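Work through the exercises below with the sequence and the model at hand. Each task is followed by a solution in steps.

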Amino acid sequence: MYGGMKLKASLFITCIADLMYADVGKSVVNVLKRSGVQLDFPEGQTCCGQPAFSSGYYREATKVAKKVIEVFERSEYVVMPSGSCAAMIHHGYPTLFRDDPVWKKKADEFVHKSYEFSQFLVDVLGITEVGATFKKRVTYHSSCHMTRILGVEEQPKILLKNVKGIDFVELPYAFDCCGFGGTFSMKLADISGAIVEEKVDNIISTGADVLAGADLTCLMNIGGRLSRRGSKIKVMHLAQVLDQGV
């Protein structure tokens, strides 16, 4: 509960969660509802526009951004299970509309009500413990966009450390990139592969049973390399860990 009343928020599911990780979306919904949030899911939502923006296709990204803003126009809060998408909204949208006063105002309003999942729980709801139980050794990957652009660093770790039964261990060089970087991993595959190889070495060194994270593209990239290395370390989104044992 928030101030004695249910807070209303809209779920922005993001492309990769919608298309490849539906269970993450379910866990986000479960955790938010148990936290007293009245959640809805506006139809018509689409990509945040980051792939086009990152590749320099600003005109195309602008069209997508306008669509997203319009879809969530009536939402009080917008929550997403992706630090990368949230960073795009907070940084990319004001950039796209900096020369358009009308849309710049709309973009700024959208920015002020949009939050990454852990950021919303800790900074808006004031929740640091969700009642989860998870008796595993867990480490956490800090994704680049979430920390460097969005500025969300400690919130996910605070939530993880308050899970009952968890054995949380810090990841060496946690803030190093996983090597994905969207189209970077395709354009510079050799460099990307070397980066994720080093990341996986550090993850394995922790002795963790589970690698948690808040960006699914990072987890997909790391999980793929862990699998090819024959590792039994499981990759889970933060919301999935927080949805355990409740």
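**Exercise 1. Find the residue of β3 that stands opposite Ser10, and describe the surroundings of Ser10.**

Solution.
Step 1. Ser10 lies in strand β1, where strands (E, at least two residues) and helices (H or I, at least four) are DSSP runs numbered from the N terminus. Its opposite residue in β3 is Val78.
Step 2. β1 and β3 run parallel and are joined by 2 bridges; two strands pair if DSSP finds at least two bridges between them.
Step 3. β1 also runs parallel to strand β2 (residues 37-40), with 4 bridges between them. On that side, Lys8 stands opposite Gln38.
Step 4. Ser10 counts as buried because its relative accessibility is 1%. The classes are buried under 20% relative accessible area, exposed over 50%, and partly exposed in between (1.4 Å probe, protein chains only). Of the 5 residues of β1, 4 are buried, so the strand is mostly covered.
Step 5. Leaving aside residues up to four places away in sequence, Ser10 touches Leu39, Asp40, Pro42, Phe72, Ser75, Tyr77, Val78 and Val79; contact means heavy atoms within 4.5 Å.

The model is predicted: local features need pLDDT of at least 70, side-chain atom pairs count only at pLDDT 80 or more, and totals for chains, interfaces and linings use all residues. Residues are numbered from 1 along each chain as its sequence is written, and side-chain values use heavy atoms, with hydrogens and water left out.

**Exercise 2. Locate Thr14 and Tyr173, give the sign of phi, and decide whether each is buried or exposed.**

Solution.
Step 1. Thr14 sits in the loop between β1 (7-11) and α1 (15-20). Although Thr14 is not a glycine, its phi is positive, about 75°.
Step 2. Thr14 has 5% relative accessibility and therefore counts as buried.
Step 3. Tyr173 is in the loop between β6 and α10 (184-187). Its phi is also positive, near 50°, in a residue other than glycine.
Step 4. Tyr173 counts as exposed, because its relative accessibility is 60%.

**Exercise 3. Check the span of helix α6 and determine where its buried residues lie.**

Solution.
Step 1. α6 covers residues 101-112, and its 12 residues should span 16 Å at 1.5 Å a residue. The expected span is 1.5 Å times one less than the number of residues.
Step 2. The end C-alpha atoms of α6 are 17 Å apart, which agrees.
Step 3. Trp103, Ala107, Phe110 and Val111 are the buried residues of α6. Seen down the helix axis, they fall within an arc of 100°, so they line one face; the arc is that of the directions from the axis to the C-beta atoms.
Step 4. The general background is that an α-helix has 3.6 residues a turn, so residues three or four places apart point the same way.
Step 5. The buried residues of α6 pack against α4 (58-71), β3 (78-80), α5 (83-96) and β4 (114-116). Turned away from this buried side is a face with the exposed residues Pro101, Val102, Lys105 and His112.

**Exercise 4. Give the strand order of the open sheet that contains β7, and name its edge strands.**

Solution.
Step 1. The sheet has 4 strands in the order β6-β5-β7-β8, with parallel pairing.
Step 2. β6 (167-168) and β8 (234-237) are the edge strands; each has a single partner, so one side of each is left without a neighbour in the sheet.
Step 3. Strand β7 (residues 210-213) is joined to β8 by 4 bridges. The bridge partner of Leu211 in β8 is Val235.

**Exercise 5. State how many disulfides the structure holds, and examine Cys47 and Cys177.**

Solution.
Step 1. The search of the whole structure gives 0 disulfides; a disulfide is a pair of cysteine sulfur atoms within 2.5 Å.
Step 2. Cys47 is in no disulfide, and its nearest cysteine sulfur, that of Cys15, is 3.8 Å away.
Step 3. For Cys177 the closest cysteine sulfur is in Cys144, at 3.9 Å, too far for a bond.
Step 4. Cys177 has 28% relative accessibility and so counts as partly exposed.
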